[in-house]
Structures are given as C-alpha cells and as structure tokens.
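User: Could you walk me through this one? I'd like to begin with the core and then look at a single residue.

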Amino acid sequence: MLYTAKCFWPGVTEEELRGAAARAGSKTGERQTAFRGALYLPGDELVLCLFESSSRAGVKRASERAGMPCERVIETVWVDPHDEGGTTCA
C-alpha cells in the first residue's frame, strides 16, 4: 500500500532534504517499507514523502529514522495518467 508522510519542515534546504532522501532510500530499517521519493514545497515549508509499506507505523518510523519530521501518515493512491485501465501503481 502507498502512503504519504506529511513533513512540516521549517528551514529545510534542498541539500538537507536530498541527504534525508538518500538515507531513506538506502535502508529504512523497516522490513516492509520502501521510500519512493518526495515532493518539496519550499514556500510552504512542507515535504511530502511517498512510501510503499504494509503499515502506517512503519512509514512513520522509517521517515523519522531518515531525519524527516513526520507529522502525519496519509493513505495514498497513485494515478498514472498513461494507465487507461484505471489501475493504480507504485
């Protein structure tokens, strides 16, 4: 299942985010949790991190281990504009 970790992160720089993303991508510490990428919204001091995981708790732990201040974990559906069959994918 896909989840988004909502991270309110005042003052974060792109370089700091890239470092945290590298840590999250290399090993989350969670057996069934994988980091898939992030959206950085600097004007809102917000980072939205996409994870594939078996649980919300696994996403929160993986996010925080990588140094991302996870405020909330949200169930997420990926909609691919090129997928005419209506299926979701990671």
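**The core and one strand residue**

Analyst: In this predicted model, the largest nonpolar core is made up of 18 residues, and those with the most contacts inside it are Ala 5, Cys 7, Trp 9, Val 47, Cys 49, Phe 51 and Met 68. The elements giving two or more residues to this core are β1 (2–8), α1 (14–26), β3 (46–53) and α2 (56–65).

User: Which residues does Met 68 touch, leaving out those up to four places away in sequence?

Analyst: With those set aside, Met 68 touches Cys 7, Trp 9, Ala 20, Ala 21, Ala 24, Phe 35, Cys 49 and Ser 63.

User: And the overall layout, in what order do the elements run from the N terminus?

Analyst: The order is β-α-β-β-α-β, which gives the protein chain 2 helices and 4 strands. Of its 90 residues, 32% count as buried, and among contacts with a separation of 6 or more, 64% are between residues 24 or more positions apart.

User: Switching to Thr 4, is it buried or exposed?

Analyst: Thr 4, which lies in strand β1, counts as buried because its relative accessibility is 14%, under the 20% cut-off.

User: What is Thr 4 in contact with, beyond its neighbours within four places in sequence?

Analyst: Its contacts beyond those neighbours are Leu 48, Cys 49, Leu 50, Arg 72, Val 73, Ile 74 and Thr 76. Leu 48 is 44 residues from Thr 4 in sequence, yet their C-alpha atoms are 6.2 Å apart in space, while the side chains of Thr 4 and Thr 76 are joined by a polar contact of 2.7 Å.

Definitions and conventions:
Residues are numbered from 1 along each chain as its sequence is written. This is a predicted model: local features need pLDDT of at least 70, side-chain atom pairs count only at pLDDT 80 or more; totals for chains, interfaces and linings use all residues. Side-chain values use heavy atoms; hydrogens and water are left out. Buried means under 20% relative accessible area, exposed over 50%, partly exposed in between (1.4 Å probe, protein chains only). Contact means heavy atoms within 4.5 Å. A nonpolar core is a set of buried Ala, Val, Leu, Ile, Met, Phe, Trp, Tyr and Cys residues joined through side-chain atoms within 4.5 Å. A polar contact is a pair of N or O atoms within 3.5 Å; within protein, one must be able to donate a hydrogen and the other to accept it, and residues adjacent in sequence count only if both atoms are side-chain atoms.
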